[in-house]
Amino acid sequence: MTIATIVSRACSRAIVTPALRQSVAISKSPYTGIVRLGSHGSTPPLPPFARNLAPTEKLVEEHDLVWDDGVAPELTIDFDAAHVSKSEGLAFWLGGLGFFVGLYQLVRWIDPAAQNPAVNRSMNMVVPNPTTGPPENPDEE
């Protein structure tokens, strides 16, 4: 292969390649940008969480009040409702407890076991119910 042939092929490829690229660019659909971005334009994956170093000193006594998952330590007892007084909190707690007691009493008053159309479990026994405790002594009368 001569140098002239190599140069002519290189020149012809240099002329043809942009022409081919232009023809491909003309036939692009409007959705090729989405495909090029990947995952419908989402951001690249975020870096992993920076982990805290393990404690090197002795922990304080109240360390059990801190939830430390190695990423972002936070208090286990939230103090988000500092505006709620103790009496108001007690009233809410007793109200919730009273609600569940009332719900239990309502269900007990409705008696769902009596409204069950199925046969009672005691009817399942072919033999009489087993007795518990020591056997009865027939000699004692």
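**Loop, helix 3 and surface patches**

Q: Between which two strands is the loop that holds aspartate 68 found?
A: This is a predicted model, in which local features need pLDDT of at least 70 and side-chain atom pairs count only at pLDDT 80 or more, while totals for chains, interfaces and linings use all residues. Residues are numbered from 1 along each chain as its sequence is written, and side-chain values use heavy atoms, without hydrogens and water. Strands (E, at least two residues) and helices (H or I, at least four) are DSSP runs numbered from the N terminus. The loop with aspartate 68 lies between strand 1 (66-67) and strand 2 (74-75).

Q: Is aspartate 68 buried, partly exposed or exposed?
A: Buried means under 20% relative accessible area and exposed over 50%, with partly exposed in between (Shrake-Rupley, 1.4 Å probe, protein chains only). Because its relative accessible area is 40%, aspartate 68 is partly exposed.

Q: What pattern do the helices and strands follow along the sequence?
A: The protein contains 3 helices and 2 strands. Read along the sequence, these elements give α-α-β-β-α.

Q: What distance does helix 3 reach from its first C-alpha to its last?
A: Helix 3 covers residues 86-110, which is 25 residues. The expected span, 1.5 Å times one less than the number of residues, comes to 36 Å for this helix, and the model is close to it, at 36 Å.

Q: Is tryptophan 109 buried or exposed?
A: Tryptophan 109 lies in helix 3, and together with Phe99, Phe100, Leu103, Leu106, Val107 and Ile110 this residue makes a nonpolar surface patch of about 780 Å². Since its relative accessibility is 72%, tryptophan 109 counts as exposed.

Q: What phi does aspartate 111 take?
A: Most residues other than glycine have a negative phi. Aspartate 111, in the segment after helix 3, is partly exposed at 37% relative accessibility. Although aspartate 111 is not a glycine, its phi is positive, at about 55 degrees.

Key
Patch = residues over 30% accessible without salt bridge, like charges linked within 9 Å, V, L, I, M, F, W, Y side chains within 5 Å. Salt bridge = Lys/Arg side-chain N within 4 Å of Asp/Glu carboxyl O.
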